[in-house]
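Open the model in your viewer and keep the selection panel at hand. The stops below go from the cysteines to the ligand.

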Amino acid sequence: MSAELWDILNHLGEERERWLGAVAPPIFQSSMFAYPTVEALRAAVAEELDYPFYTRGHNPTVRLLARKLAALEGAEEALVFSSGSAAMAAAVLAFVHSGDHLLCVEKPYGWTAALVRDILPRFGIAAEFLDMRDAGAVAAALRPNTRMIVLESPNSWTYEQQDLAAIAAIAKARGILTVCDNSYATPLLQRPLLLGIDLVVHTLTKYPAGHSDVLAGAVCGARSLIERIFRGPYMSFGAVLSPHDAFLVLRGLRTLPLRLERSARSAEKVASFLAAHPKVRALWRAAPGEGSPGAQLAGANGLLTIALAGGAEAAERFCNALRRFLLTCSWGGHESLAWPLAALYPRGYRGPLPAGLSLDMVRLSIGLEPPELLIADLEQALEQA
Ligand SMILES: *Cc1c(COP(=O)(O)O)cnc(C)c1O
């Protein structure tokens, strides 16, 4: 979608002729928008998704970002939130009712897991996690009251994929809504709505914003579904993005194709180095074509996960020895990061872990630095592990 992609990033919705030719969009730092007559006000209130009236509902800078994201995903409509977690919570809570059953892919993003495991059951929603690498397992796990399937492909830490087209078809036949967290791929590498998925959720904090200076999220889908989210959790919970933060995400989007490509290419080199290193026990990276018949995922991003041969202590020594990689969570920024799974657990933890995870695992997000510099840093840190 190359020409279309650049037209969306550079031109769609900019209305430069209205804003003195400004190349960067104006930041509408205004909480309300006034109208000259009661009739005009009435019209704006009635169509709050489309017209600026109160910034919680519609702000032109935020709206520009939503329009570009919808176009990138091939969606009719999108809503932008103050974080990816807010977007996921809104997409789920707009549609589930007490007495419903919900299926969620195994090992999703941590706060998606917490929503499903801890919050939904308090409202009478039976929720369960499922290994969805086989679409047949999804069909077998459906109940008469299944209302929603939450997907994340590739998922967090181990990058397992779900067959989105097959699961969407199974769900559609039963009137079940499908929601897919597409943060790993961004719309540049995967467009789940075109495969039949109903709603796509993004954290924009990662690659789309790309500079580790803003949190944001989005939901994309059909206008009717987005209106339901808008008139529900979006307006009532109010987890909206500020105009200034929307501007930062718009600025990040302009260079998303270049950053994603650079990060993925460097990660390929880093992965080759690590896979051959004797102190690396295992390496995980998303493989396009795996877990789905078609070309669902067009390529891997800059994330990879390793497990250290020397166990959790070796992983800790390795992380402490890194000089160029910053030790913290998140990913998709300009800078390289290392995120040890053990940081999520108390020191010496021996209790249960989600299937397939172990405390010797470290996730690496490869940034924009020259890959040779990163490999040299990893090499010296592995020596100390
Ligand atoms: C980070 C992340 C989120 C949450 O996004 P925030 O903007 O941090 O709230 C959701 N899904 C995935 C896959 C993530 O990595």
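Buried means under 20% relative accessible area, exposed means over 50%, and partly exposed lies in between, with a 1.4 Å probe and protein chains only. This is a predicted model, in which local features need pLDDT of at least 70 and side-chain atom pairs count only at pLDDT 80 or more, while totals for chains, interfaces and linings use all residues. Residues are numbered from 1 along each chain as its sequence is written, and side-chain values use heavy atoms, with hydrogens and water left out.

**Cysteines**

Select Cys180: its relative accessibility is 0%, so Cys180 counts as buried. A disulfide is a pair of cysteine sulfur atoms within 2.5 Å, and a search of the whole structure finds zero. Why is the sulfur of Cys180 without a bond? The closest cysteine sulfur, in Cys104, is 11 Å away, which is too far. Move to Cys329, also in no disulfide, where the nearest cysteine sulfur belongs to Cys319 at 13 Å. Cys329 counts as partly exposed because its relative accessibility is 40%.

**Ligand**

Now select the ligand and show the residues around it (a heavy atom within 4 Å). Among them are Gly84, Tyr109, Glu152, Asp181, Lys206 and Trp331.

Next, display polar contacts, meaning pairs of N or O atoms within 3.5 Å. Look for these distances to an oxygen atom of the ligand:

- Ser85, from a backbone N or O atom: 2.9 Å.
- Thr203, from a side-chain N or O atom: 2.8 Å.
- Thr205, from a polar side-chain atom: 2.7 Å.

Finally, turn on the surface: the ligand alone exposes 380 Å², of which the protein buries 90% (Shrake-Rupley method, 1.4 Å probe).

How values were computed
Polar contact = N/O pair within 3.5 Å; in protein donor to acceptor, adjacent residues only side chain to side chain.
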